[in-house]
Amino acid sequence: LIKNKEVVEDNWVIAELPKTEEKVKMQAGRVVAFKLSGEDYPTDNQIKETNFPETGKVLLPLKVFILHQNKLKKRLDNKEVGIWFSTHEEIHKFTKILGDLNNFPVIAIHVEKFADGRIFSIGNQLRNKYNFKNELRAFGDVLRDQIYFLKRSGFTSFLIRKDRDAKDAIKSLDDFTDPYQGASDILE
């Protein structure tokens, strides 16, 4: 986990969705390498079958949290529960159910396979539209050349793939020294 330009221990367990059979999708005659907005994912079975630890800090898939939110209230109050969702899930559909997003100490965005820039828009939206002030994490297919721009979009931590060099990824945070466009990054 990269946070504050350092590799730190991650004390959050990420609850993973059970695997399902992947269907090849076509859009404009091409195979789509990412999920489209509005897709029914995760499935109802995945949501019901997701296992997560009873104690400790856990990042739950958004819809799994919603299913179990009544029994997780005390853990949420103790700052032991965060949520994650994929780039194709539209957070605005869930904000009324979730309430104040700042109740979550961590919100993480999962990039299954980087194929578009939705994660950057999501970061800006969470910071500017919903005033999220806590840790905003990117994980999954997070690449070195994206980290600087993810930070500019409001992300504060990055869980890169195990096959990537974390020290090299940290260097990317200094790729540019004088940005001139507006941004949502949290100033250090």
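Two exercises with worked solutions follow, on the sheet and on one helix of a predicted model.

The model is predicted: local features need pLDDT of at least 70, side-chain atom pairs count only at pLDDT 80 or more, and totals for chains, interfaces and linings use all residues. Residues are numbered from 1 along each chain as its sequence is written, and side-chain values use heavy atoms, with hydrogens and water left out.

**Exercise 1.** State which strands stand at the edges of the sheet, and trace the pairing from strand 3 to strand 7.

Solution.
1. Terms: strands (E, at least two residues) and helices (H or I, at least four residues) are DSSP runs, numbered from the N terminus. Two strands pair if DSSP finds at least two bridges between them.
2. The open sheet has eight strands, in the order 2-1-10-9-8-7-6-3, with mixed pairing.
3. Strand 2 (6-7) and strand 3 (13-14) each have a single partner strand, so one side of each lacks a neighbour in the sheet; these are the edges.
4. Strand 3 runs parallel to strand 6 and is joined to it by two bridges. Opposite V13 stands V58 of strand 6.
5. Strand 6 (residues 58-61) pairs with strand 7 (residues 81-86) in the parallel sense, over four bridges. Among the bridge partners are G82 for L59 and W84 for P61.

**Exercise 2.** List the buried residues of helix 6 and name elements that cover them.

Solution.
1. Buried means under 20% relative accessible area, exposed over 50%, partly exposed in between (1.4 Å probe, protein chains only).
2. In helix 6 (residues 144-152), the buried residues are Q146, I147, Y148, L150, K151 and R152.
3. Their cover, by contact (heavy atoms within 4.5 Å), includes helix 5 (118-129), strand 9 (135-140), strand 10 (157-159) and helix 7 (166-171).
4. Just after helix 6, G154 has a positive phi of about 110°.
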